[in-house]
Amino acid sequence: MHERYTNRERYFQEQSFTTERFVIPFIREVAPVTPESKVLEIGSGEGGNLKPFVDMGCLVYGIDLSTSKITNGIKFFENHPNNKNIKLIAEDIYKSDLSSLPKFDIIMLRDTLEHIYDQDKFLEHLKNFMAPGGKVFLGFPPWYMPFGGHQQICESKFLRKLPYFHLLPRFMYKGMLKMFGESEAKITNLMEVWDTRISINRFKRIIKKRNFTIEKETFYMINPNYEVKFNLKTRALPKILNIPILRDFITTTYYCVISLK
């Protein structure tokens, strides 16, 4: 499992698989996805989530802070027949020149929101990129889920398989990471996730405040991405367990499509 986080091409292909099989059909239940769609992914990495849209012929942009990931992505797409339709940008989304970008019909944030500081400010800023009638797809692991701290990226074989320990108080969590020999860079990465942690209920409060409405949502007990990662069949959370607060502990990922009211 740990190898998938260092083998970027494999990760790219896994993202592409899940987006084509699950994310695009999810979006299509509330909005058209056609070759004419303009698509933006924020936190795109190498652009694996964008590949199915490029295959379709959409105009596609990906923005990510990581120059190395964007460089990898450009290489991955260099021989794609529709490579003129994709633009990958290494930049801070708050510093992007909005005048140079089109307005987008679909904005993607898959496994990104939980890494962003001040999600309230970010969701307000997101409106600047939306075309009239535009939709935003978000998929993220709730903070309280078993591996909501992203501890699966730990070097320690014990810690990467240990659920819920990220819920410890900050100083205890950081101390435990140090005790098991995690590098300073890894600890910084994991502590950033601790600082930006987001629950489903807090997310719902933010979008309500920012005048968004939820058009579709699904709580997954077995993440769609686990099909390609672990060969597990996707499973939505049973309705009997869909109880606020409780659901955060057993929902491995939350999918939703939002739009402006």
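**View 1. The open sheet of eight strands in this predicted model.** In the order β3-β2-β1-β4-β5-β8-β6-β7, the eight strands form an open sheet whose pairing is mixed. The edges are taken by β3 (86-90) and β7 (235-236), and each has a single partner strand, so one side of each is left without a neighbour in the sheet.

**View 2. The pairing of β2 with β3.** These two strands run parallel and are joined by five bridges; one residue to look for is Asp64, whose bridge partner in β3 is Ala90.

**View 3. Helices lying across the sheet strands.** Helix α1 lies across β4, β5, β6 and β8, and runs at about 125° to β4, while α4 lies across β1, β4, β5 and β6, running at about 160° to β4.

**View 4. The crossing of α1 and α3.** The axes of helix α1 (residues 8-28) and helix α3 (residues 67-77) come within 11 Å and cross at roughly 70°, which means that α1 is roughly perpendicular to α3. Arg8, Glu9 and Phe12 of α1 meet Lys69, Asn72, Phe76 and Phe77 of α3, and the residues of this contact comprise three nonpolar, one polar and three charged.

**View 5. The largest nonpolar core, with Phe203.** This core has 31 residues, and those with the most contacts inside it are Ile107, Leu109, Phe122 and Phe203; among the elements that each supply at least two of its residues are β4 (104-110), α4 (119-126) and α7 (200-209). Leaving aside neighbours within four places in sequence, Phe203 is in contact with Leu113, Leu123, Leu138, Phe140, Ile198, Tyr254 and Cys256. Apart from this core lies another, of 23 residues, including Ile24, Cys58, Val60 and Phe77.

Conventions. Residues numbered from 1 in each chain as written. Predicted model: local features only at pLDDT ≥ 70, side-chain atom pairs only at ≥ 80, totals over all residues. Heavy atoms only, no water. Axes fitted to C-alpha atoms, helices over the stretch in contact; angles between N-to-C directions. Helix = DSSP H or I, 4+ residues; strand = E, 2+ residues; numbered from the N terminus. Parallel < 35°, antiparallel > 145°, perpendicular 65-115°, else oblique. Contact = heavy atoms within 4.5 Å. Nonpolar A, V, L, I, M, F, W, Y, C, P; charged D, E, K, R; others polar. Core = buried A, V, L, I, M, F, W, Y, C linked by side-chain atoms within 4.5 Å. Buried < 20%, exposed > 50% of the residue type's maximum accessible area, 1.4 Å probe, protein only. Pairing = 2+ DSSP bridges.
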